[in-house]
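Some words used for protein structures rest on exact cut-offs, and a careful reader asks what stands behind each one. The questions that follow do this, term by term.

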Amino acid sequence: YKIPLRQIVENHNPRYPFSEKMKAAGWTVFDKPPPKQGKRSLWELATSDDATERARYCDILEDLDPQMVSEATTLITVGQLMPIELRDNGNVNKTGKNTYTVIDGMRRVMMALFNWCKTGIPKEPWLEARLSPKINEVGLHHRSIVGNRRKDPTPIEKAKGIQHCLNLGETLGEVASTYGQSESAMTWSLKLLELPIEVQRKIEA
């Protein structure tokens, strides 16, 4: 399916999609921006109808994640090699269009948005996507946590991963079994999400 990226409203992959420098600066995809960086989230900047806000998104990536900027050019020169994984949320946004949650491929989404913000082409940003039912989402989510070849997730990423699995209908015992840890360890991890966002960012730093 060709899915318009501006219909995405959530990301269920706990893996941080940007560089360590972006993380240190306090930027996430959907959360509020770091202190003294305005009021618009990175997603709001990247999907804005305002060209000035889209340019701001490009400036942030060029300054803090040049590797992503470099990789974004491959979407233009080579094309999209693999579809992203999405789930249809079963509801619509304020314009009456379907909304989607990213299961796998958030980094590619942000790369495609960078290209769109930079060039204005195509008129509406989109990527090829596979739509995954809920049961497949659980499997994909687990693989992103325990099978990802990049470095291990941070404590906050792990806590978010646990919470997402619970939101998908798994029991605490099932999630604990996936991680190979006790239920009490899972509960302790979840308590990190109760901390103020500023404290969570310091833990991730």
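Q: How many helices and strands are there in the protein, and what makes a stretch count as one or the other?
A: The protein has ten helices and five strands. Helices (H or I, at least four residues) and strands (E, at least two) are DSSP runs, and they are numbered from the N terminus. This is a predicted model, in which local features need pLDDT of at least 70 and side-chain atom pairs count only at pLDDT 80 or more, while totals for chains, interfaces and linings use all residues. Residues are numbered from 1 along each chain as its sequence is written, and side-chain values use heavy atoms, with hydrogens and water left out.

Q: Why is His-12 called buried or exposed?
A: Buried means under 20% relative accessible area, exposed means over 50%, and partly exposed lies in between (1.4 Å probe, protein chains only). His-12 has a relative accessible area of 6%, and therefore it is buried. His-12 sits in the loop between β2 (8–11) and α1 (20–25).

Q: What makes the pairing of the His-12 and Glu-10 side chains a polar contact?
A: A polar contact is a pair of N or O atoms within 3.5 Å; within protein, one must be able to donate a hydrogen and the other to accept it, and residues adjacent in sequence count only if both atoms are side-chain atoms. The side chains of His-12 and Glu-10 make such a contact at 3.2 Å.

Q: Why is Thr-99 called buried or exposed, and which residues is Thr-99 in contact with?
A: Thr-99 has a relative accessible area of 4%, so it counts as buried. Thr-99 lies in strand β4. Contact means heavy atoms within 4.5 Å, and, leaving aside neighbours within four places in sequence, Thr-99 is in contact with several residues, including Gln-7, Val-9, Arg-87 and Asn-93.

Q: Why is Thr-154 called buried or exposed?
A: The relative accessibility of Thr-154 is 13%, and so Thr-154 counts as buried. Thr-154 is found in the loop between α6 (134–146) and α7, and its contacts, apart from neighbours within four places in sequence, are with Lys-23 and Glu-204. The C-alpha atoms of Thr-154 and Arg-15 are separated by 8.8 Å, although these residues are 139 residues apart along the chain.

Q: What is Glu-62 called, buried, partly exposed or exposed, and why?
A: With a relative accessibility of 33%, Glu-62 is therefore counted as partly exposed. Glu-62 belongs to helix α3, and, not counting residues up to four places away in sequence, Glu-62 touches Val-69, Phe-114 and Lys-118.

Q: Why is Lys-36 called buried or exposed, and what is noted about its phi?
A: Lys-36 has 85% relative accessibility, so it counts as exposed. Lys-36 is in the loop between α1 and α2, and its phi is near 65°, a positive value in a residue other than glycine.

Q: What makes a set of residues a nonpolar core, and which residues have the most contacts inside the largest one?
A: A nonpolar core is a set of buried Ala, Val, Leu, Ile, Met, Phe, Trp, Tyr and Cys residues joined through side-chain atoms within 4.5 Å. The largest nonpolar core has 36 residues, and those with the most contacts inside it are Phe-18, Met-22, Tyr-57, Val-109, Met-110 and Leu-113. The largest share of this core, nine residues, comes from α5.

Q: What makes a space a cavity, and which residues line the largest cavity?
A: On a 1 Å grid over the protein atoms alone, a cavity is a set of points where a 1.4 Å probe fits but cannot get out, and lining residues have an atom within 4 Å of a point. The structure holds one cavity of 30 Å³ or more, and the largest cavity has a volume of about 80 Å³, where grid points are joined across faces, edges and corners and a volume is the space filled by probe spheres set on the points. Among the residues lining the largest cavity are Tyr-16, Lys-23, Trp-27, Ile-156 and Glu-204. The largest share of that lining, four residues, comes from α10.

Terms used: On a 1 Å grid over the protein atoms alone, a cavity is a set of points where a 1.4 Å probe fits but cannot get out, and a pocket is an open set with protein on both sides within 12 Å along at least five of seven lines; lining residues have an atom within 4 Å of a point.
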